[in-house]
Amino acid sequence: MRFVNLAARSNDAYIEGMRIAAGLTDLDGPNVNPLCRTRLYTHGHRTERALLLLHGFTNCPQQFDALGKRFHDDGWNVLIPRYPRHGYTDRLNTSISELRTEKLIAVANQSATAGAGLGEHLTISGLSLGGVLAGHLAQTHDSVERAVLIAPMFGLQGIPGPGAAALAQLAFLLPNYFIWWDRTLKDRRGPAHAYPRFATHAYAALFRTAGGVLDGARKARPKARDLAVITNAAEPSLDNRFTYQLIEAWRRRGAAVSTYEFPASCHLPHDLIDPSNHEQNTELVYPVVTRFIAGEN
């Protein structure tokens, strides 16, 4: 009978996870805001549970830092990676226009592989674009045990499904231009670690990524064993109907998906996570999100 040293195997997995995570942190050059560097909170060994947190479009790991620390304090190893072209000190940089779907998927895949080494059981959660990437990982990665999508950005109000794909393709064909998130505040819009505007080419990359997740869900059952989706009925521009379509596609494939929707009466912003968002209500949101990530819903 062959003897398998489980402790040694677990240690090897942790070392490999740390190696991959170190590669992600090495991508944070001098042009990256110190607040926006990839975060890795570990206990120096492989823990029972690991958490991968995926930030939103034009934001950075700082968005999830407070929530990540809560789970680290509870004994989890936590990884919060920074996406390509995000988190630069120059909030008005033009590099964000070079964001592409392939780069987003690559970072998400690497992060999931690292997370699987950091803990025996891997949970992933993401907001907005991070919710889309969490959906991709839930669909494609065997190592993901639980995935929690928070206000995932699969479509916009006023744009039908086929129109979103066509619009993304058109955006790549046309010259890139920048749009303020708030046309009144412009570069005075916070948080200070997030970009106050977005590039149309980067927006197109986001929706190409989202379209890939929706297509995958229609064709195959997700590999994650436990799925949850949190939506916000007060979304200012995101269309939750696309998220509902994803949930139904997963359920038709036999996946168990738990859901929760914050009612419109809560008047919550799209960014449900960042404590520095002046419209935020973490006292309301965090208990729900924490419960879903922990699998206590």
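## Sheet and helices in a predicted model

Helix H3 (residues 101-118) lies across S1, strand S2 (47-54), S3 and strand S4 (119-127), and runs at about 140 degrees to S4. Helix H8 (residues 282-293) also packs on the sheet, where it touches S2, S4, strand S5 (144-150), strand S8 (226-232) and S9. The direction of H8 makes about 180 degrees with that of S9. The model described here is predicted.

**The sheet**

In what order do the seven strands of the open sheet lie? The order is S1-S3-S2-S4-S5-S8-S9, and the pairing is mixed. Strand S1 (39-41) and strand S9 (257-262) are the edge strands, since each pairs on one side only. On average, neighbouring strands of this sheet are turned by 15 degrees against each other, with direction ignored.

Two strand pairs show what mixed pairing looks like in this sheet. The table sets them side by side.

| Strand pair | Sense | Bridges | One facing pair |
|---|---|---|---|
| S1 and S3 (residues 77-80) | antiparallel | three bridges | Arg 39 and Ile 80 |
| S4 and S5 | parallel | six bridges | Leu 122 and Val 144 |

In the S1 and S3 pair, Arg 39 stands opposite Ile 80 in S3. In the S4 and S5 pair, Val 144 in S5 is the bridge partner of Leu 122. Strand S5 is mostly covered, with six of its seven residues buried.

**Helix H3**

How does the span of H3 compare with the value expected at 1.5 Å a residue? The 18 residues of H3 should span 26 Å, and the end C-alpha atoms are 26 Å apart, which agrees. The buried residues of H3 include Thr 101, Leu 104, Ile 105, Val 107 and Ala 108. Towards the end of the listed residues, Ala 114, Gly 115, Ala 116, Gly 117 and Leu 118 are buried as well.

**Helix H6 and its partner H7**

Helix H6 (residues 200-219) has 20 residues. From its first C-alpha to its last, H6 reaches 29 Å, close to the 28 Å expected at 1.5 Å a residue. H6 is mostly covered, as 14 of its 20 residues are buried.

Two packed helices are described by the angle between their axes and the distance between the axes. H6 and helix H7 (residues 240-252) pack at an angle of about 25 degrees, and their axes are 8 Å apart. Angles under 35 degrees count as roughly parallel, so H6 and H7 are roughly parallel to each other. The crossing in which H6 passes H7 is left-handed.

Which residues of H6 meet H7? They are Val 213, Leu 214, Ala 217 and Arg 218, and on the H7 side they meet Phe 242, Gln 245, Leu 246, Ala 249 and Trp 250. An α-helix has 3.6 residues a turn, so residues three or four places apart point the same way.

**Two single residues**

Is Thr 209 buried or exposed? Thr 209 belongs to helix H6. Its relative accessibility is 3%, and buried means under 20%, so Thr 209 counts as buried. Leaving aside neighbours within four places in sequence, Thr 209 is in contact with Thr 101, Leu 104, Ile 105, Val 132 and Leu 133. Among these contacts, Thr 101, Leu 104 and Ile 105 are buried residues of H3.

Leu 27 is found in the loop between helix H1 (6-25) and S1. The relative accessible area of Leu 27 is 52%, and exposed means over 50%, so Leu 27 is exposed. Leu 27 and Tyr 83 are 56 residues apart in sequence, while their C-alpha atoms are 9.6 Å apart in space.

Technical notes: Residues numbered from 1 in each chain as written. Predicted model: local features only at pLDDT ≥ 70, side-chain atom pairs only at ≥ 80, totals over all residues. Heavy atoms only, no water. Pairing = 2+ DSSP bridges. Helix = DSSP H or I, 4+ residues; strand = E, 2+ residues; numbered from the N terminus. Axes fitted to C-alpha atoms, helices over the stretch in contact; angles between N-to-C directions. Contact = heavy atoms within 4.5 Å. Buried < 20%, exposed > 50% of the residue type's maximum accessible area, 1.4 Å probe, protein only. Expected span 1.5 Å × (residues − 1). Parallel < 35°, antiparallel > 145°, perpendicular 65-115°, else oblique. Left-handed = near helix turned anticlockwise from the far one by under 90°.
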